[in-house]
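Trainee: I am new to this structure and would be grateful for a close look at its salt bridges. Please explain where the partners sit and what surrounds them.

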Amino acid sequence: IYMLFENEAVLALLWEEKMNKIKKILKKRKVWFFIILFAFVYFNNCSFLTKQRTGKPLLLAHRGLAQTFNIEGITNETNTAQRINKPEYPYLENTIPSMEAAFQDGADIVELDIQLTKDGQFAVFHDWTLEYRTNGKGVIKDYTMAELKQFDVGYNYTADDGKTFPFRGKGVGLMPSLDEVLNYFPEQSLLIHIKSDDSQDGEQLAQYFSKLPLKRLNQLTVYGGDKPIAVLQKRLPNIRVMSAATLKKGLLSYIVIGWTGYIPQSCKNTEFHIPLKYAPILWGWPNRFLNRMESVNTRVIVVGGEGEFSQGFDTVEDIKRLPSDYTGGIWTNRIDRIAPLFNNKKIN
């Protein structure tokens, strides 16, 4: 009996020793596994080992060359025409003269807003109500395009709390249709914001775009409410689109799996508007991420602040916050100030 227990004790010691050796081996393998995984993730996503990008960034002029305004305390209900800064130029947002000035100043892309009219056209106008900016009343859908042409789109702009209205009488007939914009700028790239979350508006826009040649569609990007964008994505899968839903799905999918180098389907053929403060969490930022998105026909635009209320890169100080070799898109409200910085290569 004594020998039996003694042998069992020896066996137990031998077993314990064997298990300790196994644990040490597994621990070493675990350490090496994480070292290898870390090295893979790092080298697979660092920018200095990727194809270097050349050239200057894509400059996106928000609403053309438009009047700027104070964004402090702004909400979705704020009438921005009633709080503009002292005018520095004669242009009004979402008009052909403002877009032309933006392209002449060096914009690569111009952003504009569209809404469906009573007679089935798309008017280029931002606000939900005509009262904010014009001498009209109601909403765009209440009027035909011909009727909208009668309004003064500069009527309610003021920089001094209503003491003076510097653009009153100067904006009659300046509200263009989408037709007019596309005909006036047949080769330029445009970012079109459909101011709607109505599926039917998406259907009408899809029908409108279906008549355009593929070359022209490739120069256009559309963003807006989830419903109309979902319709466009289904009806015209070749056009680049973006909504809150596509943006959220694409970026979250990329954060989860992008470290492997695999690009999720939700990241393809779309556009990402990314606040610069969050951009560094994206795998491969900036160059490898930009190369990956470019390879699947997705455009990347950095925006200011939290990405809300039209914040852009509007000063030299704003531009200095970008990576020195950044060549993606830049959202700006002051194309007249920003474009010369890159054309002259002087950002000190």
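**Salt bridges and their setting**

Mentor: A search of the whole structure, which is a predicted model, finds 16 salt bridges. I shall take several of them in turn and then turn to the strands, the helices and the chain as a whole.

Let us begin with Lys215 and Glu187, which form a salt bridge whose closest N and O atoms are 4.0 Å apart. This pair links distant parts of the chain, since 28 residues separate the two partners. Lys215 belongs to helix H6 (residues 214–217), while Glu187 is found in the loop between helix H4 (178–184) and strand S4 (189–194). Both Lys215 and Glu187 are exposed.

The second pair is made by the side chains of Arg299 and Glu271, which meet in a salt bridge with an N to O distance of 3.1 Å. Arg299 is part of strand S8 (residues 299–303) and Glu271 is part of strand S7 (residues 271–275), so this salt bridge ties together parts of the chain that lie 28 residues apart in sequence. The surroundings of this pair can be read from accessibility. Arg299 has a relative accessibility of 12% and therefore counts as buried, because the limit for that class is under 20%. Glu271 has a relative accessibility of 0%, and it too counts as buried. Whereas Lys215 and Glu187 are exposed, the salt bridge of Arg299 and Glu271 thus has a buried residue at one end and a buried residue at the other.

A third pair has partners in two accessibility classes. Asp318 forms a salt bridge with Arg321, and their closest N and O atoms are 3.7 Å apart. Asp318 has a relative accessible area of 18%, which means that it is buried. Arg321, at 47%, is partly exposed; a residue is called exposed when its value is over 50%.

Salt bridges can also share residues. Arg63, Glu93, Asp113, Asp127 and Arg133 are linked in a network of salt bridges.

We may now follow strand S8, the strand that holds Arg299, into its pairing. S8 pairs with S9 in the parallel sense, over two bridges, and Val302 stands opposite Ile330 in S9. Strand S9 (residues 329–332) is covered on both faces. On one side Gly329 and Trp331 are buried, and on the other Ile330 and Thr332 are buried. S9 is also joined to strand S1 (residues 58–62) by four bridges, and these two strands run parallel as well. Here Leu58 is the residue opposite Gly329.

Helix H9 (residues 287–295) has buried residues of its own, namely Asn287, Arg288, Phe289, Leu290, Arg292 and Met293. Just after H9 comes Asn297, which takes a positive phi of about 60 degrees.

For a nonpolar part of the surface, one may look at Val31, Trp32, Ile35 and Ile36. These residues form a nonpolar patch with about 420 Å² of accessible area together. Ile36 lies in helix H1 (residues 2–45) and, at a relative accessibility of 54%, counts as exposed.

One loop residue deserves a brief mention. Glu131 is placed in the loop between strand S3 (122–124) and helix H3 (145–148), and its relative accessibility of 34% makes it partly exposed. Leaving aside residues up to four places away in sequence, Glu131 touches Gly136, Lys137, Gly138 and Asn156. His273 is 142 residues away from Glu131 in sequence, and the two C-alpha atoms are 30 Å apart in space.

These details belong to a chain with eleven helices and nine strands. The radius of gyration of the chain is 27 Å, well over the 20 Å that the globule rule gives for 348 residues, and therefore the chain is more spread out than a compact globule. Its C-alpha trace spans about 110 × 50 × 40 Å along the principal axes. Of the 348 residues, 48% are buried. Among contacts with a separation of 6 or more, 66% come from residues 24 or more positions apart. The accessible surface of the chain amounts to about 18400 Å², and 57% of it belongs to carbon and sulfur atoms.

How values were computed:
Residues numbered from 1 in each chain as written. Predicted model: local features only at pLDDT ≥ 70, side-chain atom pairs only at ≥ 80, totals over all residues. Heavy atoms only, no water. Buried < 20%, exposed > 50% of the residue type's maximum accessible area, 1.4 Å probe, protein only. Patch = residues over 30% accessible without salt bridge, like charges linked within 9 Å, V, L, I, M, F, W, Y side chains within 5 Å. Areas by Shrake-Rupley, 256 points an atom, 1.4 Å probe, with all protein chains shown as cover. Pairing = 2+ DSSP bridges. Rg over C-alpha atoms; globule rule 2.2 N^0.38 Å. Contact = heavy atoms within 4.5 Å.
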